[in-house]
Amino acid sequence: MEALYQNLLTVTAGQIIMWLIGGILICLAIAKNMEPALLLPMGFGSILVNLPGSGAAPVIRRLFEIGIAEYELFPLLLFIGIGAMIDFGPLLSDPKLMLFGAAAQFGIFFTLCLASFLGFPLKDAASIAVIGAADGPTSIYVATVLGSGYLSAILVAAYSYMALVPIIQPPVIKLCTTKAERRIRMQYTGSSVSKTTKILFPILVTMVVGLVAPDAVALIGFLMFGNLLRECGVLDSLSDTARNVLANLITLLLGLSIAARMTAAEFLRPQTLMILALGLIAFIADTAGGIFLAKLMNLFCREKINPMIGAAGISAFPMSARIVQKLGQEADKQNHLLMQAIGVNVSGQIASVIAGGLILALVRSRIGG
């Protein structure tokens, strides 16, 4: 009892707040089914590391050092699983969809400028900006490589906004489009893609990106390796393991290891609220970027494009594509946009990784200079 009393005396208000934050994350995971494989271990881990004299804190910090800080191992392994989930067929059958994935990265560079203007050091501003890609592993990788001091806040924002895609995107899409635009029907005319093409695609993408943006080659390489496992046809059991067992296991370990940086001293800072706000701005700007490219193209195209498909250019796969399909059918029950939206969605996965590599190259050149 005396030990319990002594421990209670050492509890700080900050630790209590972090327990509450951990509880909120657990509730979101269980009650709302929001990214449960990640938010549940993050929430429980944040409680563990904020207990007075916690014996779990050193273990979780070591997990963080091995899996993230020293080797960036967890985000790269997770990319193998993500790659094994993706079918690039819709994109390969209509390559122009890649344009919308590229346009939907606008928010990253806009938020980089905004965060720098607000006083964040360049490495932190760049790490915050990548939240807009709605790509958790890329956010982790960039923030870790650049050594951002706000890793926990960045990752909570990145994965929270990924989970909130069905809530955030619809009002943004409706604000940026008219009802007539949402009714535009698009015929899916994509041709079948050969197995050879699907096998060559991840290899060629890795080589091209490696030559153009070397800083992105680790991210894109692991993503495309996972996709090659899927498409090669001779490693079906490994492909299944990658997209199920590996992805789930790494996500759990990732959530626990991120909690190492969710101590009251590191997380409860005024900058945390600013990061959450900037991440939301980046997310909204990325969504709008893809939409407005489609609206611009419609000024010159004979066959009109439904601007909503541009919103799927963020890499929240496949949630964003499903949202576009749902909104399309709300406007017109015969409007089927899923295949075009999926093509844009997977292009956004590639584009977000390339954008992360370009951000790394930009910051390193500036710091080096």
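Close-up views of helix packing and selected residues

**View 1. Phe74, Pro75, Leu77, Leu78, Ile80, Gly81, Ala84 and Met85 of helix H5 meet helix H16 at Ser239, Ala242, Arg243, Leu246, Ala247, Ile250, Thr251, Leu253, Leu254 and Ser257 (contact: heavy atoms within 4.5 Å).** The model is predicted, with local features needing pLDDT of at least 70, side-chain atom pairs counted only at pLDDT 80 or more, and totals for chains, interfaces and linings using all residues. Residues are numbered from 1 along each chain as its sequence is written, and side-chain values use heavy atoms, leaving out hydrogens and water. Helix H16 spans residues 236–258, and its axis comes within 8 Å of that of H5, crossing at roughly 145°. Axes are lines fitted to C-alpha atoms, for helices over the stretch in contact, with angles from 0 to 180 degrees between N-to-C directions. Helices are DSSP runs (H or I, at least four residues), numbered from the N terminus. The H5–H16 crossing is left-handed (near helix turned anticlockwise from the far one by less than a right angle). By class, the contact of H5 with H16 holds 13 nonpolar residues, four polar and one charged. Ala, Val, Leu, Ile, Met, Phe, Trp, Tyr, Cys and Pro count as nonpolar, Asp, Glu, Lys and Arg as charged, and the others, Gly among them, as polar.

**View 2. Helix H5 (residues 73–85) packs with helix H10 (residues 136–146) at an angle of about 155°.** The axes of H5 and H10 are 9 Å apart. The angle makes H5 roughly antiparallel to H10 (over 145 degrees). The crossing of H5 and H10 is also left-handed. On the H5 side, the contact is made by Pro75, Leu76, Leu78, Phe79 and Ile82; on the H10 side, by Pro137, Thr138, Ile140 and Tyr141. Eight of the residues in this contact of H5 with H10 are nonpolar and one is polar, with no charged residues.

**View 3. Ser139 is a buried residue (under 20% relative accessible area, 1.4 Å probe, protein chains only).** Ser139 is placed in helix H10, and its relative accessible area is 0%. Apart from neighbours within four places in sequence, Ser139 touches Val130, Ile131, Leu155 and Ala158.

**View 4. Ile68, in helix H4 (residues 56–69), is shown with its contacts.** The relative accessible area of Ile68 is 0%, so the residue is buried. With neighbours within four places in sequence set aside, Ile68 is in contact with Leu63, Phe74, Ile140, Thr144, Leu151, Leu254, Ser257 and Ile258. Gly289 lies 221 residues from Ile68 along the chain, with 31 Å between their C-alpha atoms.

**View 5. Leu254 and Ile309 have the most contacts inside the largest nonpolar core, which has 103 residues.** Such a core is a set of buried Ala, Val, Leu, Ile, Met, Phe, Trp, Tyr and Cys residues joined through side-chain atoms within 4.5 Å. Helix H11 (residues 151–163) gives this core its largest share, 11 residues. Beyond neighbours within four places in sequence, Ile309 contacts Leu97, Phe100, Met186, Val324, Leu337, Gln340, Ala341 and Val344.

**View 6. Thr272 of helix H18 (residues 270–297) is buried.** The relative accessibility of Thr272 is 6%. Its contacts, leaving aside neighbours within four places in sequence, are with Ala153 and Phe267.

**View 7. Lys326 of helix H19 (residues 319–331) is exposed (over 50% relative accessible area).** Its relative accessibility is 55%. The C-alpha atoms of Lys326 and Thr144 are 36 Å apart, with the two residues separated by 182 residues along the chain.

Definitions and conventions:
Helix = DSSP H or I, 4+ residues; strand = E, 2+ residues; numbered from the N terminus. Parallel < 35°, antiparallel > 145°, perpendicular 65-115°, else oblique.
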